[in-house]
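This report describes the fold, the core and a few individual residues of one protein chain. The sequence and the coordinates follow.

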Amino acid sequence: MIVVGLRPVNEDDLEMFRRFVTEPGLIGLDWAGFRDAQVPARRFAANGYLSPEHSRLIVAVDDDRAAGFVDWRSRGYDVSNFWEIGIALLPDWRGRGIGWRAQAALCNYLFAHTPAERIEARTHPDNIAEQRSLEKAGFQHEGKLRSIEFREGQWCDAWVYSRLRKDPTPAQAPIA
């Protein structure tokens, strides 16, 4: 069984981040065109990818190898705030049970260290693997957001999922 954990970003991880913004298709359905390859280094220098608005941790497997990353952003409505999370795994690590464990560990971390009541995740309607991963990580499907993302020349829908603080933690989920 692969051991999955989360850790802070270090300088050696920046090359993986540059690959995600310069290699079409590496990030899967979330490819949104080429991006500035120097942004990862600037962001790491500014805050090490840890800030109150948008943070990132490395999904580390076995001997601390970087399999990808998880991130979270502050979202909210008037008087309530929540986290929106995301994940990107390198292709060699997909389909091996790493994603759901990393997302469950991130939820455990955010519920332990922030007052958030709600954690939200969004995915593409055709990304069945991610939908299953979110459900294994304790998320519930809430519905469809119409025309929320511009991708490949057209506006696309997304499925929205949530996990609340009171929801049960999935069995076999790592504690971050």
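Contact here means heavy atoms within 4.5 Å. Helices (H or I, at least four residues) and strands (E, at least two) are DSSP runs, numbered from the N terminus. The model is predicted, with local features requiring pLDDT of at least 70 and side-chain atom pairs counted only at pLDDT 80 or more, while totals for chains, interfaces and linings use all residues. Residues are numbered from 1 along each chain as its sequence is written, and side-chain values use heavy atoms, with hydrogens and water left out.

**Overall fold**

The chain contains 4 helices and 7 strands. In sequence order they follow the pattern β-α-α-β-β-β-α-β-α-β-β. The C-alpha trace spans about 40 × 40 × 35 Å along its principal axes. The radius of gyration, taken over C-alpha atoms, is compared with a globule rule of 2.2 Å times the number of residues to the power 0.38. For 176 residues a compact globule would have a value near 16 Å, and the chain agrees because its own value is 16 Å.

Of contacts between residues at least 6 apart in sequence, 56% join residues at least 24 apart. Burial is expressed as relative accessible area: buried is under 20%, exposed is over 50%, and partly exposed lies in between (1.4 Å probe, protein chains only). Buried residues make up 46% of the 176 in the chain.

**Nonpolar core**

A nonpolar core is a set of buried Ala, Val, Leu, Ile, Met, Phe, Trp, Tyr and Cys residues joined through side-chain atoms within 4.5 Å. The largest one has 40 residues, and those with the most contacts inside it are Leu6, Phe17, Val59, Ile85, Ile98, Ile119 and Phe139. Two or more residues come from each of β1 (4–7), α1 (14–22), β2 (54–61), β3 (65–77), β4 (80–89), α3 (98–113) and β5 (118–123). The largest share, 9 residues, comes from α3. In soluble globular proteins, nonpolar side chains tend to be buried together.

**Packing of α1 on α2**

Helix α2 covers residues 39–47 and packs against α1 at an angle of about 135°, with the axes 8 Å apart. Axes are lines fitted to C-alpha atoms, for helices over the stretch in contact, and angles run from 0 to 180 degrees between N-to-C directions. Angles under 35 degrees count as roughly parallel, over 145 as roughly antiparallel, 65 to 115 as roughly perpendicular and the rest as oblique. α1 is therefore oblique to α2.

On the α1 side the contact involves Leu14, Phe17 and Arg18, which meet Pro40, Ala41 and Phe44 of α2. For classification, Ala, Val, Leu, Ile, Met, Phe, Trp, Tyr, Cys and Pro count as nonpolar, Asp, Glu, Lys and Arg as charged, and the others, Gly among them, as polar. The contact has 5 nonpolar residues, no polar ones and 1 charged residue.

**Individual residues**

Glycine 68 is in strand β3. Leaving aside neighbours within four places in sequence, glycine 68 is in contact with Met16, Leu57, Ile58, Val59, Ala88, Leu89 and Leu90. Alanine 88, in strand β4, touches Phe20, Ile27, Ala67, Gly68 and Phe69, with residues up to four places away in sequence not counted. Leucine 134 lies in helix α4 (residues 128–136). The contacts of leucine 134, under the exclusion of neighbours within four places, are Gln103, Ala121, Thr123, Phe139 and Tyr161.

The table lists C-alpha separations for four residue pairs.

| Residue | Partner | Sequence separation | C-alpha distance |
|---|---|---|---|
| glycine 68 | alanine 102 | 34 residues | 9.7 Å |
| leucine 134 | isoleucine 148 | 14 residues | 19 Å |
| alanine 88 | valine 70 | 18 residues | 6.6 Å |
| lysine 166 | arginine 118 | 48 residues | 9.3 Å |

Glycine 68 is buried, at 0% relative accessible area. Leucine 134 is buried at 0%, and alanine 88 is buried at 7%. Lysine 166 lies in the segment after β7 and is exposed, at 67%.

**Positive phi**

Which loop holds aspartate 62? Aspartate 62 is in the loop between β2 and β3. This residue, other than glycine, has a positive phi near 45°, and aspartate 62 is partly exposed at 42%. Glutamate 152 sits in the loop between β6 (140–151) and β7 (154–164). Glutamate 152 has a positive phi of about 50° although not a glycine, and is exposed at 72%.
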